[in-house]
Amino acid sequence: TEVAIGFTPIGGLVLGGAIYTATIPSLEVDDPGIGSGKYEYEVSQLAIFSPHIDFYPNPDRGLHFQGGFGFAAYIAGLATPADSGRETRAHTATGLGFMLGIGHDWWVGEQWSLGLLARVLYAWTEGSDPESITWSHKTLAPTAMVTATYH
């Protein structure tokens with residue numbers, strides 16, 4: 001998902017702030033750092049809170065490019081070992097992340113457009129679980145989205 005708000009200082013350039021999220025339904029990790037082999041994580045969530053820029057090279061057309069860099073939060077689900085070992089606890093990790101996207105909008109009203117957007121989120125986060133084990137995550141989340149924009 002994406003929730004963004006902004007303003008247009010000049011035609012074709014949007015500046016603002018946004019929350020970008022990605023839900024990761026399942027994830028397998030080889031040796032997550034506790035020496036127990038492969039782990040399977042339950043649903044995890046990445047969120048990036050960021051200022052953003054969205055650039056329309058031709059404001060009358062729908063092609064646009066967007067980017068943002070800011071604070072990232074990663075909520076890792078419970079992880080169970082694939083073979084043997086102990087279960088790991090769910091935890092939250094924080095750090096930095098960025099978003100890059102390319103999309104196209106089609107006008108459906110005087111102020112509204114619908115579009116398609118290809119986006120990638122990437123974050124570097126670190127945090128400790130309830131048993132004081134420190135986890136470092138590098139999360140890549142490519143997405144394809146349908147968008148609705150009020151201009």
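1. Tyr20 is a convenient place to start. Leaving aside residues up to four places away in sequence, Tyr20 touches Thr1 and Glu2, then Leu46, Ala47, Ile48, Ser50 and His52, and finally Met99, Arg119 and Leu121. The model is a predicted one, and the contacts of Tyr20 should be read as computed from it.

2. Tyr20 also belongs to the largest nonpolar core, which has 19 residues. Tyr20, Tyr41, Leu46, Tyr74 and Leu121 are the members with the most contacts inside this core. At least two core residues come from each of β2 (13-24), β4 (38-41), β5 (44-55), β6 (63-76), β8 (91-107), β9 (112-128) and β10 (134-150). The largest share, four residues, is that of β2. Two of the partners touched by Tyr20, Leu46 and Leu121, are also on the list of core residues with the most contacts.

3. On secondary structure: the protein has ten strands and zero helices. The order along the sequence is accordingly β-β-β-β-β-β-β-β-β-β.

4. On overall dimensions: the radius of gyration is 19 Å, whereas a compact globule of 151 residues would have one near 15 Å. The C-alpha trace spans about 60 × 25 × 20 Å along the principal axes of the protein.

5. On burial and surface: 37% of the 151 residues count as buried. The protein exposes about 8,500 Å², and 61% of this area is supplied by carbon and sulfur atoms.

6. On contact order: take the contacts between residues at least 6 apart in sequence. Of these, 57% join residues at least 24 apart.

7. On charge: there are 15 negative and 6 positive side chains. The centres of the two sets lie 3 Å apart.

8. Is Leu63 buried or exposed? Leu63 sits in strand β6, and its relative accessible area is 35%. Buried would require under 20% and exposed over 50%, so Leu63 counts as partly exposed. Strand β6 does supply at least two residues of the largest nonpolar core, but a residue of that core has to be buried, and Leu63 is therefore not a member at 35%.

9. The surroundings of Leu63 can be listed in the same way as those of Tyr20. Not counting residues up to four places away in sequence, Leu63 touches Phe55, Tyr56 and Pro57, together with Ile102, Gly103 and His104. Thr94 lies 31 residues from Leu63 in sequence, and their C-alpha atoms are 33 Å apart in space.

Methods:
Residues are numbered from 1 along each chain as its sequence is written. This is a predicted model: local features need pLDDT of at least 70, side-chain atom pairs count only at pLDDT 80 or more; totals for chains, interfaces and linings use all residues. Side-chain values use heavy atoms; hydrogens and water are left out. The radius of gyration is taken over C-alpha atoms; the globule rule is 2.2 Å times the number of residues to the power 0.38. Buried means under 20% relative accessible area, exposed over 50%, partly exposed in between (1.4 Å probe, protein chains only). Contact means heavy atoms within 4.5 Å. Accessible areas come from the Shrake-Rupley method with a 1.4 Å probe; for residues, only the protein chains shown count as cover. Lys and Arg count as positive and Asp and Glu as negative; His and the chain ends are not counted. The place of a charge is taken as NZ of Lys, CZ of Arg, CG of Asp or CD of Glu. A nonpolar core is a set of buried Ala, Val, Leu, Ile, Met, Phe, Trp, Tyr and Cys residues joined through side-chain atoms within 4.5 Å.
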